[in-house]
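Work through the exercises below with the sequence and the structure in view. Each task is followed by a solution in steps.

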Amino acid sequence: MAIVTLKGNKINTIGNLPQVGATAPNFTLTKNDLSTATLDNYKGKKVVLNIFPSVDTGTCAQSVREFNKEASTLENTVVLCVSKDLPFAQARFCGAEGLNNVEMLSDFKDGNFGKNYNVAFTDGPLEALLSRSVVVLNEEGKVIHAEQVAETTEEPNYKLALEAL
């Protein structure tokens with residue numbers, strides 16, 4: 001299990017992120033139109049997984065904005081923003097913010113993404129939500145960068161994630 005903090009207080013996830021060089025676990029997530037997306041849908045593209053607890057918090061919202069800005073300049077790359085927020089809330093946020101370079105995906109149905117990527121919190125006030133992390137995959141679905149943010153209220157290292165591409 002990984003230990004991170006929320007405002008300095010320790011909280012745990014069910015495990016550690018997939019390691020660099022590993023094949024990324026497949027996933028089935030829900031799109032804003034309630035259809036499903038799997039990792040196979042993005043085969044042949046580089047994938048940035050921006051993972052966070054809820055788009056309704058300032059830091060999470062900022063990560064979506066920042067990756068949306070960067071995504072417009074990336075070739076053969078898709079940025080997937082993953083949380084347990086309902087697809088309706090994700091769509092509302094992106095619509096209100098005018099964000100259309102990222103794809104919002106929800107793990108609300110069964111939580112298997114959080115389990116397979118080991119980012120589900122197991123205790124604390126965010127129990128069952130997803131730990132702020134960034135996982136970058138190459139075109140073959142191999143992990144080329146993984147960061148689990150140590151303090152949940154802080155933003156990920158965008159520069160390192162994008163340099164991995």
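**Exercise 1: a residue on the surface**

Phe88 counts as exposed because its relative accessibility is 54%; exposed means over 50% relative accessible area, buried under 20%, partly exposed in between (1.4 Å probe, protein chains only). The model is predicted: local features need pLDDT of at least 70, side-chain atom pairs count only at pLDDT 80 or more, and totals for chains, interfaces and linings use all residues. Residues are numbered from 1 along each chain as its sequence is written, and side-chain values use heavy atoms, with hydrogens and water left out.

Task: State in which helix Phe88 lies.

Solution: Phe88 belongs to helix H2. Helices are DSSP runs (H or I, at least four residues) and strands likewise (E, at least two), numbered from the N terminus.

**Exercise 2: the two sides of H2**

Task: Find which residues of H2 are buried, and which exposed residues the opposite face carries.

Solution: Step 1. In H2 (residues 87-97), Pro87, Ala89, Gln90, Phe93 and Cys94 are buried. Step 2. Seen down the axis of H2, these residues fall within an arc of 165 degrees, so they line one face of the helix; the arc is that of the directions from the helix axis to the C-beta atoms. Step 3. The face turned away from the buried side carries Phe88, Gly95 and Ala96, which are exposed.

**Exercise 3: the partners of H2**

Task: List what the buried residues of H2 pack against.

Solution: They pack against strand E3 (28-30), helix H1 (58-71), strand E6 (77-83) and strand E7 (103-106), where contact means heavy atoms within 4.5 Å.
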